[in-house]
Amino acid sequence: MSTVLEQIEQQIAKLSNKAVKKNTGNIRTVADGVAKIDGLSDVMYNEMVQFPGGAIGIALNLEEDEVGCVVLGDVSQLKEGDEVTTTGKLLAVPVGRALLGRTVDALGRPVDGKGPIDSKETYPVEKIAPGIIVRKSVSQPLFTGIMAIDSMIPIGRGQRELIIGDRGTGKTTITIDTIINQAKINKVGLASGDKNFRPVYSIYVAVGQKNSNIVRTISALEAAGALEFTIIVAAPAADNPANQYLAPYSGAAMGEWFMENGMDALIVYDDLSKHAVAYRQISLILKRPSGREAYPGDVFYLHSRLLERAARLDGKGSLTALPIIETLAGDVSAYIPTNVISITDGQIFLETDLFNQGIRPAVSVGLSVSRVGSAAQIKATKQVGGKLKGELAQFRELAAFAQFGSDLDAKTKAQLERGGRIVELFKQPAFSPLPIELQVAVLFAMQKGFFEAVDIKKVVDAALSLKSFFTTRKDALLTEIRTKAALDKDLEAKLQAACEEWKPTYSA
Amino acid sequence: MASHAKVAQKFARQLFQMSVVDGVVSADRVSGVLEYVEKHNVANPVMVLKAYERLVSTELAKGVAVVEHAGAINAAVLSAIAASMTKKYGRPVSATAKPAPELLAGVRVRVGDDVYESSVAGQLAALSASV
């Protein structure tokens, strides 16, 4: 009994007798998740404010006579005249490994029904991006597991690569494939006991999506065993615009924790078009001046300050960002797409026509580019796939030209056939990323003409057979490619021998 | 409508600035402003006067320390609070008492937007928030 009393007394003693100063204001209006407040003369920009009933808000508009705050929580309980107090704190979210495998909201609160998250640390949601001195150039690869991307539009750790395309062209699928591939690589790497292995943890930020879509993504990650390496930040379409606006920044804070603590992380923003729409809604309600397409003047800064937080830090880890932008009728010259294209280090453009022709992933080779990733590409991929982009571009040109004439010389016909085979070879089903060593083996077989005898329509089938041959019978060779990451003469001879061995086993 | 409100707000601010002498709202100036609005054909007079009233009341609140208290409070404490606040804000601040039994014990002083919490109710609220 006495111990209990001592505890209470200690707690009372902790309470300071000094008066605590608070700065207060009163709600003048509340509408659409935004409150206008009289008073709060000491409030800081982006400071958290406390509303009655536990709801919190963020001061976004500091005007001469009033303060505009976005309310994060239930606004139905708020009314005119309610007292609001400053907290002196910036909005922060829980960070750390405890979040892996969990689904959280924009404030880092669990929404997956798996109980509370035991997180010891918090990071501010808004943070200035790392400067020039602390950064290091991108030189380590981040494999997506998608052959068309890893061989032609490679992505490096710390890069920002935009994924852009119309609705239903497979943008989300590419990012989920990438997350699944990281999990697969992590499992192999961690099991190998290699001390130099650096796992990549993933953060998937869903902004303005349907809840059913988010559930489908979680199920796909869970089925592939990738959820244990992934944090899901969900701000669905039914969430208020303030949460949709904050979710990418919260995800970035969670990713920064991995980066600052010497680990590598990948963050997917799905998607920034809806993020810009949520911010436009907030800005219009706050009566900020609107510009092109009614977006506020700082919509560029909205995305640039977010994407600049992706970096590779000297002596620490990295944060790679894959933002997604949805275009309308393939228009990449709209306001938000051009903004994000100019901020990122390249883009993967997905075309509806290719998708409908059955070329999946529907990557448009001509419009897609990676500005820094080639520095991070492993030598083996460069050796077998260095000329692929040029060959495919030539193929597209020739294919368009060949439509007008029936008489083609033998060389042109051969080029067209080869291009057609490459296109077929790059077809890949969803949620089945390929390890880089297997990609090298398949591309090697293609370069050495092992698919030339195969009918174009059977190339996918033949490639499947080759992959299965390598995974079941040439595991040691694949491991050697993975560890060496370059093809020397000995390895090339072994690959050649393996392909020769496979050839008679496949009958079209 | 929005532009009318902005114009009224701007005009009210001008009137308010004219009502302040040496950092203090002057009763004479306020009477003068009211007389001006009444005699001249001011656009949206209700809107202007409401905005003006809000600015004046906000300013006046900065000069008064409202001391909410549970239990008795004597004049000496009130004058000590007034002196302390006058020193802190560098402007004359008077103190007025306001009984508030919900505080349980102690006082809460309100000067403009600032609230100085030194009541048992406030400490219990802080304690429950920290648990």
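User: Which residue in S6(B) does Asn23(A) stand opposite?
Analyst: Quick orientation: this is a predicted model, where local features need pLDDT of at least 70, side-chain atom pairs count only at pLDDT 80 or more, and totals for chains, interfaces and linings use all residues. Numbering runs from 1 along each chain as its sequence is written, with chains lettered from A and ligands numbered from 1 in the order in which they are written. S6 is a strand name, and strands (E, at least two residues) and helices (H or I, at least four) are DSSP runs numbered from the N terminus. In S6(B), the residue opposite Asn23(A) is Asp114(B).

User: How many bridges join S1 of chain A to S6(B)?
Analyst: Strands count as paired if DSSP finds at least two bridges between them. S1 covers residues 20–31 of chain A and runs antiparallel to S6(B). The number of bridges joining them is four.

User: Which element gives the largest share of the side of chain B that touches chain A?
Analyst: Contact here means C-beta atoms, placed from the backbone, within 7 Å, and nine residues of chain B are in contact with 13 residues of chain A. Two elements of chain B give two or more residues to that side: strand S6 (114–119) and helix H5 (120–130). With five residues, the largest share comes from S6(B).

User: Is chain B compact or spread out?
Analyst: Along its sequence, chain B follows α-β-β-α-α-β-α-β-β-β-α, and its C-alpha atoms fill a box of roughly 55 × 35 × 25 Å along the principal axes. The globule rule (2.2 Å times the number of residues to the power 0.38) is set against a radius of gyration taken over C-alpha atoms. That radius is 19 Å, well over the 14 Å the rule gives for 131 residues, so next to a compact globule chain B is more spread out.

User: What percentage of the residues in chain B is buried?
Analyst: A residue is buried if 20 or more other C-beta atoms, placed from the backbone, lie within 10 Å of its own, exposed if 12 or fewer, and partly exposed in between. Out of 131 residues in chain B, the buried part is 23%.

User: Over in chain A, which strands stand at the edges of the open sheet, each with a single partner strand?
Analyst: The open sheet has eight strands with mixed pairing, in the order S8-S12-S11-S13-S14-S10-S15-S16. Each edge strand has a single partner, so one side of it is left without a neighbour in the sheet; the two are S8 (103–104) and S16 (369–370) of chain A.

Conventions
Two residues are in contact if their C-beta atoms, placed from the backbone, lie within 7 Å.
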